[in-house]
Amino acid sequence: MAEAIHADVAVIGGGVIGLGIAHEARRLGRSVALIDPAPATGATFAAAGMLAPVSELHYQEEDLLGLMLESSKLWPSFAGGLRQAVEATGYRTTPTLAVGADAADRRALADLRTVQLAAGLGVEPLSVRTAREREPLLSPQISCAFEIPADHQVDPRKLAGCLMAGLAAHSPGADTWVGGARDGFAVADSAHGLLWDGRRVAGVELGSGKSVLAGETVVANGLGAPALAGLPEGLELPVRPVYGDILRLRVPAHLRPLLTATVRGMVRGVPVYIVPRDDGTVVIGATQREDGLSATSNAVSAGGVYQLLRDAQVLVPAVAELELLEATARARPGTPDNAPLLGRVAEPDGYLAGLIVATGFFRHGVLLTPVAARIVGELLTGSPDSRWSIFRPDRFSASRGQPWPMEVPTGAHQ
Ligand SMILES: Cc1cc2nc3c(=O)[nH]c(=O)nc-3n(C[C@H](O)[C@H](O)[C@H](O)COP(=O)(O)OP(=O)(O)OC[C@H]3O[C@@H](n4cnc5c(N)ncnc54)[C@H](O)[C@@H]3O)c2cc1C
């Protein structure tokens, strides 16, 4: 075998999920090899960073809501546990405003509020006048406004930067890292596939031919997960790309602040959001389409850009005066039930040793970063919380042909 690198935990994928998990593993005292040729350039690079369990509530997604609310609770301590000041991540706990453009949007948001209230979530109606006192650049034409105290935000690029910097500082030695570039934070190779030692996963074979030997391997490479060689036989990881176009714009000095709160709008039935950042920029997003415009690229849709600017201007007319800095598209890792594939893979007599899967975070990966890190940390220390076994990664793998235990059985390989 070519040159091998040793670590307690190998994490494949350096998006927010892999970075959060690597951070937690380091916090637990484990050495970590984080494997990614281009960290934080996938969905993480595009994400708006809304931490929005309430606005993101969807019919029949109660299990996912529970996971989102749990992560929401963990956010303050997660952000506070980074080496940098909380502000360095762009974490803000300002309430979100939900606004509608016309009468039909008002009815749709009121219907959604009924569902949100039934789920015990707080959504307070505001008069348009009160909303405009808080956010003077909101259009006087909006039809309704609601305040959502629990929905917050973070800047995913800053968060990823903080997690990477923290990992680099904690790295116990170069031998636990793959590569050696990037300011001492070494991330330089792609994972080709899983290495096995008998019936357990023993690490990762890299694209370069090198390998990482690890007691635990975490598959956290988003849409790249199903392509890994050597996945357990019959394990289906049904993640599919759901593309999103998103814009970044600079607010000229005379219009600052454009907004103080995240504004989520419904404009003629189409959702749009405007997220203000501390640096005087705003993020306007996001489309949702399953039509990769070209086979290999993250091509931006002209129609998507048009739709976002058109709808954002209906809510905040001054959007037309902003400087367009960036139009980006990335794919969210979607799953059939919109929930992540998270946990160990079951075997008839327990769980497959040495492997944890954490992919399929779809629209909520930034929000779910703390809870994903917590759940994987608990799996690493052998103390899993059975509430989360509903997200087990083999739940779509009928060909593995077994009723999977909902509770961790005695004697499970942890
Ligand atoms: C437009 C848009 C807006 C969004 N807004 C929000 C939001 O407001 N709030 C929210 O919570 N979520 C949001 N999301 C969703 C969120 O971005 C994703 O759920 C999240 O980024 C998933 O994180 P991840 O680490 O699993 O995947 P990614 O961020 O895609 O990272 C996967 C990483 O794996 C690496 N990789 C792939 N294959 C390999 C391999 N073989 N070997 C090594 N590395 C590999 C890639 O280089 C990449 O760095 C948004 C997404 C989009 C596209």
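This short talk goes through the ligand site, one further pocket and one cavity of the structure above.

Let me say at the outset that we are looking at a predicted model, and that every value I quote is computed from it.

I will begin with the ligand. The shell around the ligand comprises 33 residues, and the closest of them are D36, T44, A191, F362 and R363. If we sort that shell by class, we find 18 nonpolar residues, 11 polar ones and 4 charged ones. As for where these residues come from, at least two are supplied by each of α1, which spans 16-27, α2, which spans 43-46, and β15, which spans 323-334. In terms of domains, at least three shell residues come from domain 1 (4-45 + 157-239 + 337-400), and at least three likewise from domain 2 (96-148 + 240-332).

Turning to individual atom pairs, there are three backbone contacts with ligand oxygen that I would like to point out. A polar backbone atom of G365 lies 2.9 Å from an oxygen atom of the ligand, while for A38 the distance between a polar backbone atom and a ligand oxygen is 3.4 Å. For V16, a backbone N or O atom is likewise placed 3.4 Å from an oxygen atom of the ligand. How much of the ligand's accessible area does the protein cover? On its own the ligand has 1000 Å² of accessible area, and the protein covers 91% of that.

Next, the second largest pocket, which has a volume of about 220 Å³. Which helix gives the most to its lining? That is α1, with 4 residues, and we have already met α1 as a contributor to the shell around the ligand. Besides α1, both α3 (62-80) and α8 (369-380) supply at least two residues of this pocket's lining. The lining includes G20, H23, E24 and R27, as well as L74, S77, F78, P370 and R374. By class, the lining of this pocket divides into 4 nonpolar, 4 polar and 3 charged residues.

Finally, the cavities. The structure holds 2 of them at 30 Å³ or more, and the second largest has a volume of about 40 Å³. Its lining is made up of G90, R92, Q153, D155, K158, R277, D278 and D279. What classes of residue make up that lining? There are 6 charged residues and 2 polar ones, with no nonpolar residue in the lining of this second largest cavity.

Key: Residues are numbered from 1 along each chain as its sequence is written. This is a predicted model: local features need pLDDT of at least 70, side-chain atom pairs count only at pLDDT 80 or more; totals for chains, interfaces and linings use all residues. Side-chain values use heavy atoms; hydrogens and water are left out. A residue is near a molecule or strand if one of its heavy atoms lies within 4 Å of it. A polar contact is a pair of N or O atoms within 3.5 Å; within protein, one must be able to donate a hydrogen and the other to accept it, and residues adjacent in sequence count only if both atoms are side-chain atoms. Accessible areas come from the Shrake-Rupley method with a 1.4 Å probe; for residues, only the protein chains shown count as cover. Ala, Val, Leu, Ile, Met, Phe, Trp, Tyr, Cys and Pro count as nonpolar, Asp, Glu, Lys and Arg as charged, and the others, Gly among them, as polar. Domain bounds come from an automatic or database domain assignment. On a 1 Å grid over the protein atoms alone, a cavity is a set of points where a 1.4 Å probe fits but cannot get out, and a pocket is an open set with protein on both sides within 12 Å along at least five of seven lines; lining residues have an atom within 4 Å of a point. Grid points are joined across faces, edges and corners, and a volume is the space filled by probe spheres set on the points.
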